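Here's a quick briefing to read alongside the model. Have the viewer open and follow along.

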Amino acid sequence: QALSEIAGIGGGGGNLQEMRARPLGERSVDLHGFCNPSDFQRSPYLSARGNIANIFRGSTEEGYKAYHADKYDEDKNPNGIINFGTSENKLCFDLMSKRLTQTDMNLMEPPLLQYPDWKGHMFLREEVARFLTYYCKAPAPLKAENVIVLNGCGSLFSALATVLCDPGEAVLIATPFYGGITQSVFLYGNVKLVYAYLDSKITGTSTRPFQLTVEKLEKALQDARAEGVTVRALILLNPQNPLGDIYSLSELRDYLEFAKRHELHVIVDEIYMLSVFDESATFHSVLGMDRLPDPQRTHVMWGISKDFAVSGIRFGTLYTENQDVANAVASLCYFHGVCGPVQHKVAQLLRDRDWINQVYLRANHARLKAAHTYVTDELKTLGVPFLNRNAGFFVWIDFRKYLKTGTFEEELLLWRRFLDNKVLLSCGKAFECSEPGWFRIIFADKTHRLQLGMQRIRKVLEEREQEILAEEKEQPCQSDQDGKADSTDEVIFVSRHQEPASAGSSNLGDLIGLLQQQMRSSDWLQKNTAEQFA
């Protein structure tokens, strides 16, 4: 049944209202809009489940595969693809490579070459507990017995979905969200996702674009239950990918109380917790709360791939007070273990508090902030609205004005156009965004790649703008854009508050734009790198 659903899906288009109107049980698995059903051939060598896994991989990795086949290199392949689509921090290789090759990292004792406790070596679990106690500001020391180590947070999502849900049951999540979660919970456990749709509209003075509320969670849960879908858990991403939102303590408490009322497990992914790069923003970990509404159903994930810029080292950790959940997940650790020498390196890294605080975090935050400032200044110069947040490696961008008809098909065409012009972005459909035209850009990259990538983006957008103008001249009576723009065009162009425009501020804005244009046409950026800013 699942295979026939997948074979019948469209190419990422369709009407959102029609999709929402369909019963959850009848909705096909959405493959991020990259799947063309005419290209799908069922393999006689695979089971139905194997065919699903095959099409999942082929559909979601088109851009990633193209990037690896034609990767940008300043010297060897200057016309290659620049990757602004994969959420990796490429700013700290110098710091991490130096630290990970120091002598204390190189240990090869017999226990590291033998099977460990499947939850992880105790020396590492103790270090993780101390690390999380300190950086999550836990009110009491966290316990090593509640720590489980796996090879990445994707494995953790798979394991938790498998042990918390039966096949066909569901997990609740707000959209847009990191699309890899779909594969993690579905491919292994055959667990579905129920969406609480967020949108860009501002409904009052105290609201923000794409704001998650308990009311939206309640509606999604009740709609699912009305259609006979059993929801077992809620996933929270904090800081949120792709939005960059950081939830306040009161918001976290509200979400956890909602889950407790409905006896839902809460899986909290805090993998970007140390990547809050501006002092004006404060991150609150669930583990730092004085009291958890339902400790036995609250499970917190973290890993080193984002905060320590080492996505190639597969390490994720789960903290849960529920020993039944811990033991069930540990049974799956047999398939997702971390090798002994890497466990030693990670323990040494997490133990080095002075280096983390005095060297790494200071430099990393400064570099992230400088890179974020460059990309957002470029977007301002282009007149492109965006969510201006202070966490993660990404900016959530509003390219809706470059879509003539405002459909997901048109969004996909724009995505492919960026790729044809050798820059890889992620389109909103990959995050199950309900509004066509939103894109995520990764800014945690070196200055010369940011500069060249933004030049390529500018070229695509300017060409698209000219095409739309030409089409409007040919069809002056068309009113496709009527009512399309909403308050986001004014609200999210700046970080928090939009001051009333005045003649003075307009002139200042023109001056800033002129200076930015001069910077782009000179060698200023080559001389003034993110490292020098730091």
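What does the accessible surface of the protein come to, and what share of it belongs to carbon and sulfur atoms? About 24,000 Å², with 51% belonging to carbon and sulfur atoms; accessible areas here come from the Shrake-Rupley method with a 1.4 Å probe, and for residues only the protein chains shown count as cover. Bear in mind that this is a predicted model, where local features need pLDDT of at least 70 and side-chain atom pairs count only at pLDDT 80 or more, while totals for chains, interfaces and linings use all residues. Residues are numbered from 1 along each chain as its sequence is written, and side-chain values use heavy atoms, with hydrogens and water left out.

**Overall build**

- The protein has 19 helices and 13 strands, taken as DSSP runs numbered from the N terminus (helices are H or I with at least four residues, strands are E with at least two).
- Of its 534 residues, 53% count as buried; buried means under 20% relative accessible area, exposed means over 50%, and partly exposed is in between (1.4 Å probe, protein chains only).
- Take the contacts between residues at least 6 apart in sequence: 77% of them join residues at least 24 apart, with contact meaning heavy atoms within 4.5 Å.

**Helix α15**

- Helix α15 covers residues 447-474, and its 28 residues should span 40 Å at 1.5 Å a residue; the end C-alpha atoms are 41 Å apart, which agrees. The expected span is 1.5 Å times one less than the number of residues.
- Its buried residues include L450, M454, I457, L461 and I468, and charged residues such as R456, R458 and R464 are on that list too.
- An α-helix has 3.6 residues a turn, so residues three or four places apart point the same way.
- Within α15, R449 counts as partly exposed because its relative accessibility is 21%.
- R449 forms a salt bridge with D445, the closest N and O atoms being 2.6 Å apart. D445 counts as buried, at 2% relative accessibility.

**Salt bridges**

- The whole structure has 26 salt bridges, each being a side-chain nitrogen of Lys or Arg within 4 Å of a carboxyl oxygen of Asp or Glu.
- Side chains of opposite charge can pair when their charged atoms come close.
- R416 and E62 meet in one of these, at 2.4 Å from N to O. R416 sits in helix α14 (residues 408-420) and E62 in helix α4 (residues 62-69), so this pair ties together parts 354 residues apart in sequence.
- Both ends of that bridge are partly exposed: R416 has a relative accessible area of 29%, and E62 is at 27%.
- R261 pairs with E218, with 3.3 Å between the closest N and O atoms. Helix α10 (residues 249-261) holds R261 and helix α9 (residues 214-226) holds E218, so the bridge ties together parts 43 residues apart in sequence.
- R261 is exposed at 51%, whereas E218 is partly exposed at 22%.
- There's also a network of salt bridges linking E410, R417, K459, E463, R464 and E467.

**Aromatic pairs**

- A search of the whole structure turns up 24 aromatic pairs. Rings of Phe, Tyr and Trp (its six-membered ring) pair if their centres lie within 6.5 Å; planes under 30 degrees apart count as stacked, over 60 as edge-to-face and the rest as tilted.
- The rings of W118 and Y334 have centres 5.1 Å apart and planes at 80 degrees, so this pair is edge-to-face. It links distant parts of the chain, 216 residues apart: W118 is in the loop between α5 (93-100) and α6 (122-135), and Y334 is in the loop between α11 (323-332) and α12 (340-351).
- W118 is partly exposed at 32%, while Y334 is exposed at 52%.
- W302 and F308 form another edge-to-face pair, 6.3 Å centre to centre with 80 degrees between the planes. W302 is buried at 2%, and F308 is buried at 0%.
- W302 and F308 belong to one aromatic cluster together with F131, Y134, Y135, W355 and Y360.

**Cysteines**

- The structure holds 0 disulfides, a disulfide being a pair of cysteine sulfur atoms within 2.5 Å.
- For C427, the nearest cysteine sulfur is that of C433, 9.9 Å away.
- C427 counts as buried, at 1% relative accessibility, and C92 counts as buried too, at 0%.
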